[in-house]
Each structure stands twice: as C-alpha cells, then as structure tokens.
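Dear colleague,

I am handing over a structure that you have not worked with before. Please look through it below, and then read on for what was found in it.

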Amino acid sequence: MPGISRREVLLGGAAALAAAATGTVAASRANAVDLTLRASMLRHSILPGTMTEGMMSFHADVPPPVLRLPQGKPFSIDVVNDLEEATIVHWHGLRIANAMDGVPYLTQAPIAPGNSFRYTLAAPDAGTYWYHPHCNTLEQMARGLTGVLVVEDEEAPGFDRDLPLNIRDFRLGSDGQFIELFKPRNAARGGTLGTVGTVNWEVAPTYDLAAGSLVRLRLAVTDVTRVGTYDLEGGTAQVIALDANPLAQPIAPKGIVMAPGQRADIALRVPDNAEDIVSLSLRTPQGPRLLARFRPLGASIRRRLDELKPLQPNPIPQADLANAETIDFIFGWSPGGDAPAPSICGTLGYTFWSINRVAGQSDIPGPGEPLAVLKQGRSYVLRRRNETPNDHPIHLHGMSFRLLRSDKRKVAPLLTDTALLLSKETMEVALVADNPGDWAFHCHVIEHQKTGLSGYLRVEAEVPTNTVVRLTGHGL
C-alpha cells in the first residue's frame, strides 16, 4: 500500500485501508462510530539513538493519527482515557455543537481515567484543523497529545497528494528525555520554547513526492508556545488557505507568520528534477532551521498549478457592520497574584494574566461569569487591546471571525478562529454569534492560558416570538 504509514496501519480496519491513497486515517459515516482514539502513554524515538519516556499519544504505539472527516456530515469518535489522569479533547477551529467542544466543566465533565466519551461532530467548514486536550493542557500537549484534523472538501481540488504537517517542539535534553516543561519566569513573558523542533514527530524528515506532481501541504502549528515565521523554498508554490479558510488571492509561501493554533495550506508544484529539493524552514535568530525536505521522485508527470479547482468558501455568515455592537476586551497583567484554584485538570500554580482585569480560572467547576453575553444571530465587533509587551494568539471556540483593522499594521480581511495580537496592539474583528453556548476565549500560548489569559463568551439562543414559556413553582 504505497503512501500509507505504519502509524495508520496500526489503527487497523477499513478506515486505514481506505486511507492508502492519502496516507491518513479516513473517518466516514459508515465507520465513524467505530473510530476510537485512546489517550495513552508511550516510548518513542525523537532524537536519533534515544527513546523518550513519558510521551503521550492518541494511540498506544504511534504518534496521533491524522483524522479525515467529511464536510457537513455527522460522525462519531470515541475517546478512551488510558492515562492515569483526567483528559478531554477539543477540536480546534470546528464550528460544532457546544456540548461536543471538549472544554472541562464549560461543556462536559473531564474524562476520568478508564472512562470514555463519544463525540458526535458535524463540521460545516472544510479545511485544516487540529485536536488536542483541554485538561492538564500544558503537560498533555507538551508530551505529544496534538493531532491534525482535516475536513475534506466536498469537491476535490485535484491534488495528487495531500500531506499534513504537524509542526511542534518538544522540550528534551541531549539524552532525549523531557526536561522541565515550563519556567515560571518565561510563563510571565512570552512562554517557554521547546528545544527540539519536529514535523510529524520527526526531526527534519524528507518526503518523497512524485516529480512534477501537485501536492497540498497542510501546515498546522500545534506547539504550546512558539510564534514563528516559516518559508517554503523551491518548486512553484502558493498559500491557498489560512486557518481553514480559502484566500481570494493566493500569496507566496515566504514569511508566513504562524502562532500556536494557526494553519496554512500550500499548493506545491513539485520540481521535475530529483536534485531540486524543496525545503520548509523556520526563521530563528541563529538562522533558518530546516523543518522538512520534499524530494522529487521518478519521471515528471508535468502537472500545472492552474489545473487545480479553486477552494470553495466556507458557509460562514458575514457580520452586518452597520448594525454591529462593539465589545471591548483588554488583555493584560493579572491584578492580583493569588494562586489559582486546584483542579483535577491541573494548574501551573501561578496567576500572571487577565482579560478585562479578571484572571481566568480555566478548567475548574463553576468557571465564573462570561466575559460577554451575545445574542444568537446578531453581529458584533470585538475590539481586542493588548496592554502587554508580549504577543498573544487569541483563539475563540465555536465561531469564526473576520479581521477588520489594527492600529499597528495593515491586516487582510481574513476569516479565522485564531488571530495573533501583537504587543501593544489593538485589533478589531467581526463575527455573527451564530452558535449558541458557552465558548472558551483564550490565548493559545498554553502557559498564558493556564495562568489567567482565558475566559468565555456566552451566546444566548433567541426565543422565538411565538413560543409560550410556562413558568412553574412557588407563587407562579
């Protein structure tokens, strides 16, 4: 079975067999109720000649699988917790029912050790997403629990291969073992960077691609901290989507700034000659760091980028700016240094950050009052002001928003679920509150989230005017 990996074979069943053409795990309505992700411990080799102890995955023997979901069709995934601690799974970027969003206490109880939970999802939007725990978030993500999720386009664009790239660091010493996962001093600043950069859990892997073919590279930054600038060198390529939403005008794959939680889809026309290697690199103060190489293989099949069908826009409602209400959010330091409340979903033991002067107590029962209450179907402008000297990728669960304007830079009118808020920047974004429920709203530098830079927005469902509400009880 060319193109299918040992990881996917180990998942077994019809899903793995059907995935041979794409090299990922397909989830269809026919077999989705049988798809099981098991959160468990494992040993795995990241650095050559070493085996890293204490890693975590959604499969007992291999890195987290790539999940492929059909657009707009319901399916189910059972998550079984084989860890010795509570966990939960959030489906980053998906506009799904609130009860399936995977946030402890806000949408469901944590999954206790030995227990399971069935997520029934129906994703209306195609594109590149990812999944990760939202309980003991820093430790579980840092140890490996991050996987790429693809919602397939209803009409295939015409690529010869689809290649997801899970981009993340691990904090390992020279012996290949985990070192301290964060430092409090760094958590109060930009966050604690990893020491070993990987793509799909490999250091600088090489992928053989058919010469002259068209390949969709799906870059997903699932790191807990790093904000980076990425470059694709070689071949002919263009960025066709950011954060799952197609670009009206593709851009060059140079200088792509991505923070934790963000994604970029690149259409690559592989060179014709084997010696013309394509490389993906991360800019660092020490110079470019090679992340992955793509090597042409065989005789050229001589495809052209203009053969691809344009990606179709996702069905995201457009805000009515003339009638939109503006809500202000201030991202700043914590007004007090009180220790956070204990939780079975873990705490880092510090409170550094706040939204609207309130340090968020994430992952605890009774998460406090919402930062704002929105009415379903109405349009809003969220004015987000960063008072700190640090950058913050701000993620909103359950809804997508459009970038409007910034007081520091020109921003394109991109649709997204995660936007990088620069130091001292004020940015306005617009959305339609189209999804009722309580939706987490937080920084995706996980140290920031877990030390106060988190909260939630409530979208209240409108009660139809012809609905009779009957009240019962004493005196009614």
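Two strands are said to pair if DSSP finds at least two bridges between them, and strands (E, at least two residues), like helices (H or I, at least four residues), are DSSP runs numbered from the N terminus. This is a predicted model, in which local features need pLDDT of at least 70 and side-chain atom pairs count only at pLDDT 80 or more, while totals for chains, interfaces and linings use all residues. Residues are numbered from 1 along each chain as its sequence is written, and side-chain values use heavy atoms, with hydrogens and water left out.

One open sheet has five strands in the order E23-E31-E30-E25-E28, with mixed pairing. Strand E23 (372–375) and strand E28 (418–421) are at its edges and have a single partner strand each, so one side of each lacks a neighbour in the sheet. Within this sheet, strand E30 (residues 437–443) pairs with strand E31 (residues 454–460) in the antiparallel sense over six bridges, and Phe-441 stands opposite Gly-455 in E31.

Elsewhere, strand E6 (residues 89–92) has Val-89 and Trp-91 pointing one way and His-90 and His-92 the other way, and all are buried (under 20% relative accessible area, with a 1.4 Å probe and protein chains only). E6 pairs with strand E8 (residues 127–133) in the antiparallel sense over four bridges, and Trp-130 in E8 is the bridge partner of His-92.

For the protein as a whole, the secondary structure comes to five helices and 31 strands, and 58% of the 476 residues count as buried.

Best regards

Key
Buried < 20%, exposed > 50% of the residue type's maximum accessible area, 1.4 Å probe, protein only.
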